[in-house]
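Here are some friendly notes to read alongside the structure. I have kept them as numbered points, so you can follow each one in your viewer.

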Amino acid sequence: MKRAATLRLLSDLSNFSGAARLRELLAADPAVRVRCSPDGRRLLLLRPPGAPAPQLLVAVRGPGEELERAWPEGQPSPLDAFFLPWPVRSALVLVWESGLAEVWGAGVGPGWRLLQSTELCSGGESRVAAVAAPRGRLVWCEKRQAEDRPLQPSDAFSHCVCVRTLEPSRETGTNLGRTHILLHHCPPFRLLASPKDLFLVPTATTWPGVDHIQLIWRPGKGKVIVAAPSLRLSHSKSLNPGRGDTWDFRTLLRGLPGLLSLRQPLTVHTWAPTPQGLLLLDFRGTVSLVQSHGGTRVVGTLQEAPVGLEGSAALGTFHGTLACVLGSTLELLDMGSGQLLERKVLSTDRVHLLEPLAPGTKDGKEMETRGGLQLLSALGLFQVGWETPKGLELPSAEDLVFEEACEYYQRRSLRGAQLTPEELRHNSIFRAPQALASILQGHVSPSTLLTTLRAELRDYRSLEQLKAQLVAGEDEEAGWTELAEQEVARLLRTELMGDQLAQLNTIFQALPAAAWGAILRALQLQPDGNSRLRSQAPPDVWKKILGATGVGKESPNGVLPLFELLCQCLYQLEPQWLPPFVELAQQQGGPGWGAGGPGLPLYRRALAVLGEEGTRPEALELELLLSSGRPKAVLQAVGQLVQKEQWERALEAGLALGPSSPLLRSEIFKLLLAEFARHRQLDAYLPLLCRLCPPDLAPAELLLLLQTYLPDGVELPTPFPKPGAEPPLTVGLLRTLLEQTGAQGQHSGPVLSLYEDILWDSGTPPPTPPRGPMATLQASDYPGPEAWAPSEQGFCVTDTG
């Protein structure tokens, strides 16, 4: 059945403050820029620089005062203005070409007031060419003083793209972070922000050699994508301002020579950012979509093409439908096939498509329920959407009960044939579904059971409603994310066996971020200040996660147990949080849960997800071994650190063990003592080695260990080593270790070693014996040669006195 588009009047603008001025500006100036606040209550109209007064108007629907500002002739007006999505109060930011930025707020007192003023550009000669306000950031393209470059225009690459973070503040309205330069030495770019990405597109003044190239910055992914839609090429690079990443545009393009092929510049009439990507309309009437990963595809072709730059055009999407307003004509095209669905002629040629409303608001709820796109003109605020198909009916509560019961009984039935809800309902095979349905219909009403069933069915019914909307054509990412979160939350309440576990695996593969968000809320995971995780979830939830069969590998049908599934998801999304998660799971696990039962330890199950031994990321494997707390795993990790000669980390791993692991600390000490005896690379870490020394180790035992580990001497020791040879172990280094063992055993009882009396020396030398006067020897006092004669016993001295 063919769908029919509807154009419904939402407001004739009479419920907006300053309605007369609002209609006047919308009807008089076709170049006026219109923005809608996230809650849908405020409309911002900004006229281009040089337009007659007023240049700025903010109209409010319902209670509130409008904001109207005009700048005298000769004084510059704002280049652009944006609403800030702060939930506490309404705020907007105005940006001038000179770099001046003002933040205005409403809601604290009567009217609007200036909250903050700052300068974006550092130099006095710098100018702002374009500005955008994506979520939580302020980004602008800044023109700086051109350098002298031969053979090209002086200002071809004299721009840079800068960013500052935006955070709400009760005192100043917003806190602007430090300026960070994303892109150096670039041509002038126009900035267009979608809900998640920022598109940098060429302008009419862009240098001809690069005017077919556009950039896509994805802050959530920490990447910048260089795309050439005419060449169907794109390339991804890392760009994360949090790590201090920055790029030079010329260097970036020199590394991508394939994108510099001579091509015609992009002949674009209208750009429009959408949740699916960036729409562009060329002068032939073709609409293309540049997706966030850099790929480009043609969406469709309009029946009428824009005539020159004077004609107004607006693009938008809803429910898999492309809406294009060209002059006074509205065309609706299917984004999948490009087919023209409907064409309407409007009563005005000055129509603006508004940005999507934020979810959770009253208007946003209405948009989510009915679906559609808002159009604004001097005649009013309209909504274009599709009529709900008559064949699309949501299942009743009774049908949902029978479907759920059918699946429940099918799992426990010995029947080979498939059980259907019709058999449950009509043939009376089982009585329980009919009893539940009768309770829902009000025949029997136990309060506790009825409340529980209502809550369960409300969640299940909303889930089915969301599925029905998506089937009807809703392909918004937010809808799929909500569906995944609800499905994961529902599956966690089941037994997670067989089909439920397979379905959970499918959801994690399709939408890992949304699925992990549901797990995050179920486990109530929160990071602390020591890079660890804590959980407030009850033990039953952890038992369900850890109590599955921990085989450490995929089962024959490719379905992972829940713990392995979560480890795999974390490894894909945030690998640095995998070791803390495994450590937390090890602490939460009880006997027979898979953590302390007869199965594999949790760290072994997590390592199996990372792949076979030898192919895993070394750093992540090392962290998992160290955080496991298992003696065998920690010794394996320390052995790897010794092989990599990371001595300080190996020592810290031993010192981090608590008093309950004396044997493990002793083994790590012996392992490092052997390295200390063989070479001198551990000399700088001798204080840490002394702290690791077991308290019950006697000096004699220490010397015996050292004698075991010392290399066999091939040559006789010399006072000084040969050039380039490994220096031997010195008495000074050995004395430090002996003092440590002696000090630990000094008060433990009698002397245990022959060397302890040396170590416990008080430090005071014995007194010098008295000496008498020295007599002078005469020549006759010296013994003669006969006194030195050899005897039968050998050489001796004969007393002749």
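1. Let me begin with a helix pair towards the end of my own reading list. The crossing of α17 and α18 is left-handed. Please keep in mind throughout that this is a predicted model. Helix α17 covers residues 647–655 and helix α18 covers residues 662–678; their axes lie 9 Å apart, and the packing angle is about 155 degrees. Because that angle is over 145 degrees, α17 counts as roughly antiparallel to α18. On the α17 side the contact is made by Trp647, Ala650, Leu651, Gly654 and Leu655, and these meet Arg665, Ile668, Leu672 and Glu675 of α18.

2. Just ahead of this pair, have a look at Glu645, which sits in the loop between α16 (631–643) and α17. Its phi is positive, about 60 degrees, although Glu645 is not a glycine. With a relative accessible area of 45%, Glu645 is partly exposed.

3. Gln524 deserves a similar look. This residue also is not a glycine, yet its phi is positive, near 55 degrees. Gln524 belongs to the loop between α10 (512–523) and β32 (525–527). Is it buried, partly exposed or exposed? Its relative accessibility of 35% makes Gln524 partly exposed.

4. A second helix pair is formed by α12 (residues 562–573) and α13 (residues 578–588), whose axes come within 9 Å and cross at roughly 155 degrees. Here too the description is roughly antiparallel, for α12 relative to α13. Phe563, Leu566, Cys567, Leu570 and Tyr571 of α12 meet Leu578, Phe581, Val582 and Ala585 of α13. Phe563 and Phe581 also turn up in an aromatic cluster, where ring pairs link them with Trp516 and Trp542.

5. Staying with the rings, the model has 6 aromatic pairs. One of them joins Trp71 and Trp96 in an edge-to-face arrangement, with 5.8 Å from centre to centre and 75 degrees between the planes. Where in the chain do Trp71 and Trp96 lie? Trp71 is in the loop between β5 (67–69) and β6 (80–84), while Trp96 is in the loop between β7 (90–95) and β8 (100–106), so the pair links distant parts of the chain, 25 residues apart. Both Trp71 and Trp96 are buried.

6. Now for the sheets. An open sheet is built from 5 strands in the order β15-β16-β17-β18-β19, with antiparallel pairing. Its edge strands, each pairing on one side only, are β15 (189–193) and β19 (233–238). From one strand to the next the twist averages 20 degrees. At the β19 edge, strand β18 (residues 223–228) pairs with β19 in the antiparallel sense over 6 bridges, and Ala228 stands opposite Leu233 of β19.

7. Strand β14 (residues 180–186) is worth a pause, as it is mostly covered: 5 of its 7 residues are buried. It pairs with β12 (residues 159–169) in the antiparallel sense over 4 bridges, and Ile181 of β14 is the bridge partner of Cys162. β14 also runs parallel to strand β20 (residues 247–248), joined by 2 bridges. In that pairing, Leu183 has Trp247 of β20 as its bridge partner.

8. For a hairpin, go to β23 (residues 286–290) and β24 (residues 296–301), which are antiparallel and joined by 5 bridges. Val287 stands opposite Gly300 in β24. Between the two strands lie 5 residues, and Gly294 in the turn has a positive phi of about 100 degrees.

9. A single residue to check is Thr329, found in strand β27 (residues 329–334). Thr329 counts as buried because its relative accessibility is 9%, and the cut-off for buried is under 20%. Leaving aside residues up to four places away in sequence, Thr329 touches Glu304, Cys324, Arg343 and Lys344.

10. Finally, the overall picture. The protein chain contains 22 helices and 33 strands. It has 801 residues, of which 44% count as buried. Among contacts between residues at least 6 apart in sequence, 50% join residues at least 24 apart.

Terms used. Residues are numbered from 1 along each chain as its sequence is written. This is a predicted model: local features need pLDDT of at least 70, side-chain atom pairs count only at pLDDT 80 or more; totals for chains, interfaces and linings use all residues. Side-chain values use heavy atoms; hydrogens and water are left out. Two strands pair if DSSP finds at least two bridges between them. Axes are lines fitted to C-alpha atoms, for helices over the stretch in contact, and angles run from 0 to 180 degrees between N-to-C directions. Rings of Phe, Tyr and Trp (its six-membered ring) pair if their centres lie within 6.5 Å; planes under 30 degrees apart count as stacked, over 60 as edge-to-face and the rest as tilted. Buried means under 20% relative accessible area, exposed over 50%, partly exposed in between (1.4 Å probe, protein chains only). Angles under 35 degrees count as roughly parallel, over 145 as roughly antiparallel, 65 to 115 as roughly perpendicular and the rest as oblique. A crossing is left-handed if the near helix is turned anticlockwise from the far one by less than a right angle, and right-handed if clockwise. Contact means heavy atoms within 4.5 Å.
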